[in-house]
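Dear colleague,

Please find below the structure that I am handing over to you, together with its sequence. A summary of what was found in it follows.

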Amino acid sequence: LAADLGHIAEASAVAIEIEAGLVPVQAGVAEVAGIAGRDGLELALAGGEDYELAMTLPPGSLESVRSRLEIAGCDLTVVGRVESGSGVTVAGNGPDSSPPDGFDHFG
């Protein structure tokens, strides 16, 4: 998620702030992360196993898009906001900080 939002931010010349408390973390992730010595939020932000789409929306369009997606049987989860600036930050999980590096299949 963090790496993909970073690509969106860079291509759009904006900053994206992820609100840690809004990022969905599936049941069981915290336990698996703990065994691996990692944090559940870190895995959700950078684990590389996301199967959802990330997108940004124009101001004022959230409810309209949400309604259309619900008709199609899809949920929409807001996890942050787009702002002036550059890069991606995570807020609400201690001091605002840069997100962990994303998964790189070729790295």
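**Sheet, core and confidence**

In this predicted model, 3 strands make up an open sheet with mixed pairing, arranged in the order β2-β1-β3. The edges are taken by β2 (80–83) and β3 (87–91); each has a single partner strand, so one side of each lacks a neighbour in the sheet. From one strand to the next, the twist averages 20 degrees.

Strand β1 (residues 15–19) pairs with β3 in the parallel sense, over 5 bridges. Within the sheet, Glu-17 is placed opposite Thr-89 of β3. As a general point, the strands of a sheet pair through backbone hydrogen bonds, in either a parallel or an antiparallel manner.

Turning to the interior, the largest nonpolar core comprises 14 residues. Those with the most contacts inside this core are Ile-16, Ile-18, Val-23, Leu-45 and Val-88. Two or more residues are contributed to the core by each of α1 (2–12), β1, α3 (40–46) and β3. For Val-23, leaving aside neighbours within four places in sequence, the contacts are Leu-1, Ile-18, Leu-41, Ala-44, Leu-45 and Val-79.

With regard to confidence, the mean pLDDT of the protein is 85, and 82% of its residues reach 70 or more. Among the elements of the protein, helix α4 (residues 62–71) has the highest mean pLDDT, at 96, whereas α3 has the lowest, at 85. Where pLDDT is low, the predicted coordinates should not be read in detail.

With kind regards

Terms used:
Residues are numbered from 1 along each chain as its sequence is written. This is a predicted model: local features need pLDDT of at least 70, side-chain atom pairs count only at pLDDT 80 or more; totals for chains, interfaces and linings use all residues. Side-chain values use heavy atoms; hydrogens and water are left out. Two strands pair if DSSP finds at least two bridges between them. Helices (H or I, at least four residues) and strands (E, at least two) are DSSP runs, numbered from the N terminus. Axes are lines fitted to C-alpha atoms, for helices over the stretch in contact, and angles run from 0 to 180 degrees between N-to-C directions. A nonpolar core is a set of buried Ala, Val, Leu, Ile, Met, Phe, Trp, Tyr and Cys residues joined through side-chain atoms within 4.5 Å. Buried means under 20% relative accessible area, exposed over 50%, partly exposed in between (1.4 Å probe, protein chains only). Contact means heavy atoms within 4.5 Å. pLDDT is the predictor's confidence in each residue, from 0 to 100.
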